Amino acid sequence: MSIVVTGASGKLGRHVVEQLLEKVPAGQVTAVVRDPERVADLAEHGVRVAVADYNAPETFDGLFAAGDKVLLISGNEFDKGRVRQHSVVIDAARAAGVALLAYTSAPGSLTATLADDHRGTERALLDSGVPYVLLRNGWYHENYTENLAPVLEHDAVVAAAGEGRISSASRADYAAAAVAVLTGEGHENTTYELGGDEAWSFAEYAAELSRQTGREIVYNPVTPEALTGILTGAGVPEPMAAVFAGVDAAIAEGQLVVDSGDLSRLAGRPTTPLAEAVAAALKD
Ligand SMILES: NC(=O)c1ccc[n+]([C@@H]2O[C@H](COP(=O)([O-])OP(=O)(O)OC[C@H]3O[C@@H](n4cnc5c(N)ncnc54)[C@H](OP(=O)(O)O)[C@@H]3O)[C@@H](O)[C@H]2O)c1
């Protein structure tokens with residue numbers, strides 16, 4: 001029996017594997033990656049590395065074993081049909097008879113285009129009959145704190161989210177929830193709505209940035225159309241820019257507020273405050 005993590009070379013996947021190593025022997029963990037060099041350090045610690053690609057179903061042949069617990073981390077190739085890609089993993093997991101397949105989804109309240117692939121994957125997983133866990137991850141703090149350069153250049157947070165609030169948490173928090181599910185018992189066929197303990201608005205985010213930098217950073221709310229224009233002007237392809245603007249419109253409607261408490265309950269501790277993520281990003 002192994003705990004198998006796909007997307008293990010990604011930022012969330014790495015947090016998951018590192019936190020798993022605090023709880024189980026390295027020999028019980030399998031990291032599924034496209035490029036083994038990206039996880040050479042984990043292999044050195046005894047983690048089994050398997051090479052597979054969501055675009056190549058045959059690479060998943062024989063990868064899973066009966067009784068495995070699998071974390072399917074959603075891919076980031078938005079133009080390659082992610083439901084089909086994720087179904088490759090689900091089909092292989094069913095064929096092997098895994099004990100559990102947890103999928104990193106999006107909040108059930110989110111109706112923006114970005115959520116379509118997640119809803120499609122959830123349907124495929126439920127239809128497969130494989131014991132499942134839906135980890136409906138809310139937004140990462142890092143979506144914002146890893147992209148501070150334009151904010152600091154213009155002393156302005158620009159978003160099309162109006163007064164909307166957002167319950168983000170750190171990747172490490174979502175990883176902790178995944179690890180709790182993969183190493184615990186009794187999570188089969190459960191849906192968790194995961195988000196940070198404290199929701200915040202972009203005006204509050206700008207105020208926190210001001211406090212920590214000692215500069216006056218304002219929130220500049222714009223329309224989704226204006227944001228699309230700003231993003232395409234900065235080189236983001238039009239379809240992606242529209243998807244990002246759609247997410248902001250959803251935030252304006254409160255669709256990324258998650259108040260279930262599931263994340264801190266699973267992690268066994270409060271979620272990371274936004275201010276902490278801001279401080280970490282400003283230190284870098
Ligand atoms: N909740 C949020 O705020 C939020 C924000 C951004 C993304 N997401 C979603 O959450 C996922 C994990 O987040 P993250 O920050 O860890 O993203 P990330 O660093 O971009 O990691 C994505 C992972 O997916 C793997 N992957 C992509 N296409 C693949 C394929 N065809 N076959 C096998 N593996 C493939 C990547 O492999 P390589 O290392 O080989 O590229 C990488 O390991 C993202 O992929 C995305 O679906 C959520």
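Which residues does Val 179 touch, not counting residues up to four places away in sequence? The views below start there. This is a predicted model, where local features need pLDDT of at least 70, side-chain atom pairs count only at pLDDT 80 or more, and totals for chains, interfaces and linings use all residues. Residues are numbered from 1 along each chain as its sequence is written, and side-chain values use heavy atoms, with hydrogens and water left out.

**View 1. Val 179 and its contacts in helix α7 (residues 171-183).** Here's the answer: Val 179 touches Val 16, Gln 19, Leu 20 and Lys 23, where contact means heavy atoms within 4.5 Å. Val 16 sits 163 residues away along the chain, yet its C-alpha atom is 6.4 Å from that of Val 179. Val 179 is buried, at a relative accessible area of 2%. Buried means under 20% relative accessible area, exposed over 50%, and partly exposed in between (1.4 Å probe, protein chains only). Helices (H or I, at least four residues) and strands (E, at least two) are DSSP runs, numbered from the N terminus.

**View 2. The span that UniProt annotates as "domain: NAD(P)-binding".** The annotation comes from an unreviewed entry and covers residues 7-183; UniProt positions follow the numbering used here, feature names are shortened, and annotations may be inferred rather than shown by experiment. Helix makes up 37% of this span and strand 18%, and the end C-alpha atoms lie 18 Å apart.

**View 3. The ligand and its shell of 23 residues.** Ser 9, Leu 12, Arg 38, Ser 74 and Asn 143 are the closest; a residue is near a molecule or strand if one of its heavy atoms lies within 4 Å of it. Helices α1 (11-20) and α3 (82-96) each supply at least two residues of the shell. Look for the ligand oxygen atoms: one lies 2.6 Å from a backbone N or O atom of Ser 74. A polar side-chain atom of Tyr 140 is 2.9 Å from an oxygen atom of the ligand, and an N or O atom in the side chain of Arg 171 is 2.8 Å from an oxygen atom of the ligand. Taken alone the ligand exposes 890 Å², and the protein buries 84% of that. Accessible areas come from the Shrake-Rupley method with a 1.4 Å probe; for residues, only the protein chains shown count as cover.

**View 4. Arg 82 in helix α3.** This arginine is buried, with a relative accessible area of 3%. Its side chain reaches the backbone oxygen of Gly 75 at 2.8 Å. That's a polar contact: a pair of N or O atoms within 3.5 Å, where within protein one must be able to donate a hydrogen and the other to accept it, and residues adjacent in sequence count only if both atoms are side-chain atoms. Leaving out residues up to four places away in sequence, Arg 82 touches Ser 74, Gly 75, Asn 76, Glu 77, Leu 114, Asp 117, His 118 and Thr 121.

**View 5. Ser 105 in strand β5 (residues 100-105).** Ser 105 is buried too, with a relative accessible area of 4%. The side chains of Ser 105 and Glu 122 make a polar contact at 2.6 Å. Among the residues that Ser 105 touches, beyond four places in sequence, are His 118, Arg 119 and Leu 135.

**View 6. Helix α10 (residues 238-252) and its packing.** What does α10 pack against? Its buried residues meet α5 (142-145), β7 (156-159), β8 (165-166), α8 and α9 (224-233). Those buried residues are Ala 241, Val 243, Ala 245, Val 247, Asp 248, Ala 250 and Ile 251. At 1.5 Å a residue, the 15 residues should span 21 Å, and the end C-alpha atoms are indeed 21 Å apart. The expected span is 1.5 Å times one less than the number of residues in the helix. Gly 254, with a positive phi near 80 degrees, follows α10.

**View 7. Two loop residues with positive phi, Asp 155 and Asn 189.** Most residues other than glycine have a negative phi. Asp 155, with phi near 50 degrees, is in the loop between α6 (149-154) and β7. Asn 189, with phi near 55 degrees, lies in the loop between α7 and β9 (190-194). Asp 155 counts as partly exposed at 25% relative accessibility, and so does Asn 189 at 46%.
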